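Colleague: Before I plan anything at the bench, could we go through this model together, one contact at a time?

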Amino acid sequence: MLALLVRRLLWLIPTLFVVSLLTFLLFSFLPERPEEHAAHADLDPEIEAQLERERFGDLPRFVNLEPEDVETRAARAARLVAEGGPDAVRGARELARLGGAALPYVIPSLDGFDPTRRERVALALLPVAIRMGLPNRQDASVPDRAADFWARFWADRSVEFRQATVRTAVERLARYQTPSRAAELAQLDTFALPALMERLQPPHDAASLEVARTLTDALCQATDRSDRIEDHADLAEARLVVARWRQYWLVHESDYVAYDGAGRAAAALRETRYGKWAAQVVLSLTIRDDATSRSLERLRRAIPITLSLIFGGIALAYIVGTSLGVASSVSERRLPKVILGSAVVTLHALPSATVAVVCLWLAPSSSNIGLGILVVGLGMLASPARHQRDALSSVFVREFVRASRARGASFPRAFVAQGLRQSLLATISVASVEPPAALGAAFMVEQVLGLPGLGQLTVLAVAERDVTFLMGLVLGAVLIAALMLLLSDVVQATVDPRLRGRLGSAVR
Amino acid sequence: MTDHRLSTRIMRSRRAVFGVAVLGTLALVAIFADVFAREAPIARSSAHGFELLPENAASPPDAGFELRAPIRYGPSTIASTPFTKPSLSHPLGTDRDGRDVLARLVHGARIAVGAGFVVALLGVLGGGIAGAFASQYTRRLGPTLERVAQAVDAFPALIVVALFRAMEGSSTVSVVVGATIVQWASVARLVRTELHRLGAEDFVLAARALGATKTRILVRHLLPHLGPSLVSSAALGLSAVVMLEATLSFLGLGPPVGGASWGEMLAEGARHPDQTPLFVVPAVALSLTIGAAYLFAEGLREAVDPVTLRVRDSS
């Protein structure tokens with residue numbers, strides 16, 4: 001039995017993964033908020049493209065068969081510059097941004113261009129030479145000497161453009177934090193970014209704060225960004241800066257990294273909207289900035305309230321509803337049956353909000369979670385009452401109950417040992433699918449009674465397109481439903497030992 | 001002696017009759033909402049004859065005979081001052097914006113009952129076809145369908161429909177599409193289970209022994225037995241969709257639906273507890289719809305359930 005349970009629990013992992021894919025697919029069709037749409041309407045196309053990129057809107061949803069890396073970006077930018085024309089400026093800007101990371105692909109390709117085109121590309125690399133602080137960099141600005149300048153540079157320095165060398169340089173900078181080590185790294189420009197980002201960790205003490213400051217200074221130098229850790233910054237502020245750099249890297253990693261072999265296969269999944277979203281979730285959980293911490297704190301307070309309403313309501317409904325179903329089934333008088341049935345149907349038909357408002361009218365000062373559980377439970381009475389009544393009615397006419405009575409069993413004994421036990425199986429099975437249905441009632445009750453549960457957060461999340469929150473909600477609901485189903489199977493197998501075999505076969 | 005004709009058994013069930021009467025009335029109100037409550041005239045007699053007018057038709061000073069709706073306000077018409085007490089011109093009063101509550105109630109039926117009927121129909125069609133196909137034609141598909149249906153059932157319908165509303169904007173179509181996606185699964189499971197049970201019955205075995213094809217057995221022998229279960233399931237689906245739409249509108253999940261929604265009216269009533277009719281009217285409308293659907297499903301089930309019939313016969 002234990003092995004079967006473990007196997008069923010392990011099956012949950014792929015199930016939740018598939019559910020997250022389906023849910024993400026649904027989210028991916030959500031349009032941007034109207035106010036965002038209005039704000040983006042007048043933007044420059046390049047800025048809009050950048051914003052789209054930061055939202056990962058330029059990536060495919062689940063599989064990226066042709067993930068772009070620094071090699072493809074550099075080749076495209078060099079081609080634009082070489083061709084001249086209106087796109088050359090854009091290509092030159094892109095080459096300057098890609099910087100040192102593009103040099104291993106652009107400089108060797110210069111020989112493939114005719115002299116005019118070679119000159120254009122070589123001149124476009126001037127901002128990189130200035131940023132790197134290369135000696136004799138004025139040669140890079142002279143049309144007939146620029147190509148030779150870069151050829152000489154590559155002949156002398158190409159050996160330094162290797163990941164192992166860069167990692168050593170970054171490690172030395174982190175250890176000694178001297179200007180000479182910083183200058184050494186600056187000459188590698190953006191080629192050092194992957195190693196710098198790998199080494200950059202959220203600081204936890206004064207020493208690691210200094211390391212983080214030095215590394216972010218090097219990052220600022222290579223990328224022309226100005227997100228530094230200020231001299232007076234404390235640990236929390238420094239961690240925020242590191243978090244922002246991680247977020248930057250999440251968006252721009254493929255600008256500075258070349259994919260090959262396994263890396264390209266991994267990028268096919270990682271360089272997708274789903275992959276980036278998952279990485280972002282992990283990132284925000286790893287480095288908790290203020291906003292994430294506040295969100296988690298709100299969730300920590302809200303989840304118990306909503307779960308109490310749902311499970312308290314279900315428990316109350318099934319205890320009372322099952323009893324009502326039993327009473328309705330064994331009662332031979334018509335009037336109590338009619339009254340019970342009418343009350344149950346009325347409670348089922350009334351929206352939970354109505355019951356909650358009426359309760360507040362009757363007892364204005366009783367707005368608490370107990371009242372919420374009562375209201376949710378009352379609205380769910382109909383299902384257990386009806387199932388229990390029907391199940392008992394059908395069990396009472398079964399042969400084994402009649403045989404038990406014929407053998408001399410008293411009515412209470414036949415009722416409890418044969419009828420009730422069998423009829424409970426159907427009710428337990430129904431109970432397992434109740435939590436998702438109870439969610440709406442719980443949200444309504446929270447709103448009316450002013451309970452700070454998940455309802456209000458969900459309304460905000462839908463309005464603000466908070467994919468992470470909604471995904472968490474959906475996965476949480478599916479996980480609870482799956483666990484309830486498993487629990488119902490176990491309880492059913494406990495009540496009726498004949499079902500244990502079926503549980504096993506269902507798993508297999 | 002029991003009369004075994006299904007229609008007679010249904011007609012003898014007071015619950016089913018009550019359910020059909022209420023749902024039928026609400027369906028008529030939903031279909032002809034524009035005839036019952038509308039600001040502009042419905043039709044006009046002019047020199048060109050009698051003509052039906054569009055919703056936003058103006059009324060010229062020299063207009064001849066005009067046919068007007070009994071409630072002369074649309075769902076968004078500012079009809080009077082806010083929170084007017086019930087009177088002859090506004091039988092249920094007005095809301096915070098001075099809109100006629102009765103007109104909004106009539107138009108609200110369109111979204112609640114209209115969406116409910118369409119989703120119930122689509123759910124039965126989609127779920128019925130999926131369940132029948134999985135049960136009759138492929139052995140492997142059955143367990144797969146069962147797992148998929150379980151997964152869909154586990155999805156919180158509220159969130160799925162809220163997202164569809166956010167996607168499609170303020171349209172009833174988004175509620176219909178989102179709710180259908182989560183509603184079909186329970187019907188598919190029901191159909192598969194019922195077909196599985198019926199497949200072992202003697203009349204099916206006899207048909208198979210006589211050489212009937214799977215399709216013929218499904219269409220001629222099995223589907224007629226599924227009718228009551230499907231109708232009952234559709235009625236419960238309708239009540240679930242009505243409640244779902246009301247919950248979404250009450251919570252304000254997604255953009256507001258155009259026109260009027262009972263859920264929005266309920267939310268407004270809850271915000272103004274001193275204005276009793278504002279709260280009671282949509283609550284009664286919702287309860288009546290959901291209760292009628294539930295009673296119809298119950299009555300129908302009792303009318304066809306062999307156990308109930310046996311118990312009834314023995315008593």
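Colleague: Which side chain meets that of A:Asp224 in a salt bridge?

Modeller: This is a predicted model, and the pairing is computed from its atoms. The N to O distance is 3.4 Å, and the cut-off for a salt bridge is 4 Å. The partner of A:Asp224 is therefore accepted under that cut-off, and it is A:Arg131.

Colleague: How many salt bridges are there between domain 1 of chain A and domain 2 of chain A?

Modeller: Chain A is divided into domain 1 (70–160), domain 2 (168–256) and domain 3 (303–394 + 426–464). Across the interface of domain 1 and domain 2 of chain A there are 14 residue pairs in polar contact, both residues being at pLDDT 80 or more. For salt bridges between these two domains, the count is 4.

Colleague: Which helix supplies the largest share of the side of domain 1 of chain A that touches domain 2 of chain A?

Modeller: At least two residues of that side come from each of α4 (70–83), α5 (88–98) and α8 (126–132) of chain A. By class, the side holds 6 nonpolar, 3 polar and 5 charged residues. The largest share is 3 residues, and the helix that supplies it is α8(A).

Colleague: Where in chain A is confidence lowest?

Modeller: Chain A averages a pLDDT of 87, with 96% of the residues scoring at least 70. Where pLDDT is low, the predicted coordinates should not be read in detail. Confidence is highest in helix α12 (residues 193–199) of chain A, at 95, whereas the lowest mean, 55, belongs to helix α27 (residues 499–507) of chain A.

Notes. Residues numbered from 1 in each chain as written. Chains lettered and ligands numbered in written order. Heavy atoms only, no water. pLDDT = per-residue confidence, 0-100. Helix = DSSP H or I, 4+ residues; strand = E, 2+ residues; numbered from the N terminus. Domains from an automatic or database assignment. Polar contact = N/O pair within 3.5 Å; in protein donor to acceptor, adjacent residues only side chain to side chain. Nonpolar A, V, L, I, M, F, W, Y, C, P; charged D, E, K, R; others polar.
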